[in-house]
Amino acid sequence: AEPAATDTCLYTMTPDGDFVLERVGSVVICSCCSGHGFKFAPRIGELVAALATGAGPATPSDRFSLARFALDPR
């Protein structure tokens, strides 16, 4: 049998598969990427709230820093 139709599901990911969570000046950067981040929504929400209010470090972990990519905006 031949398929009646096909479709593509796009799934965004960072090159290393981890999120981007960081505060640069007064801007909070949060990229959790497609469905992967959905599973972590409660924890990501806590981290982003801490970043936005200044209650946490500028980057929760070096693992989530923009500095791990070649195009670091700093």
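Lys and Arg count as positive and Asp and Glu as negative, while His and the chain ends are not counted. Each charge is placed at NZ of Lys, CZ of Arg, CG of Asp or CD of Glu.

Before we start: this is a predicted model, where local features need pLDDT of at least 70, side-chain atom pairs count only at pLDDT 80 or more, and totals for chains, interfaces and linings use all residues. Residues are numbered from 1 along each chain as its sequence is written, and side-chain values use heavy atoms, without hydrogens and water.

**Exercise 1.** Count the charged side chains of the protein and find how far apart the centres of the two sets lie.

*Solution.* Step one: there are 6 positive and 8 negative side chains. Step two: the centres of these sets are 9 Å apart.

**Exercise 2.** Find which side chain Asp16 meets in a salt bridge (a side-chain nitrogen of Lys or Arg within 4 Å of a carboxyl oxygen of Asp or Glu), and say what the pair ties together.

*Solution.* First, the partner is Arg68, at 2.5 Å from N to O. Next, Asp16 lies in the segment before strand 1 (20-24) and Arg68 in the segment after helix 2 (41-53), so the bridge ties together parts 52 residues apart in sequence. Helices (H or I, at least four residues) and strands (E, at least two) are DSSP runs, numbered from the N terminus.

**Exercise 3.** Is Asp18, which pairs with Arg63, buried or exposed?

*Solution.* The salt bridge of Asp18 and Arg63 spans 2.7 Å, N to O. Asp18 has 17% relative accessibility and counts as buried (under 20% relative accessible area; exposed is over 50%, partly exposed in between, with a 1.4 Å probe and protein chains only).
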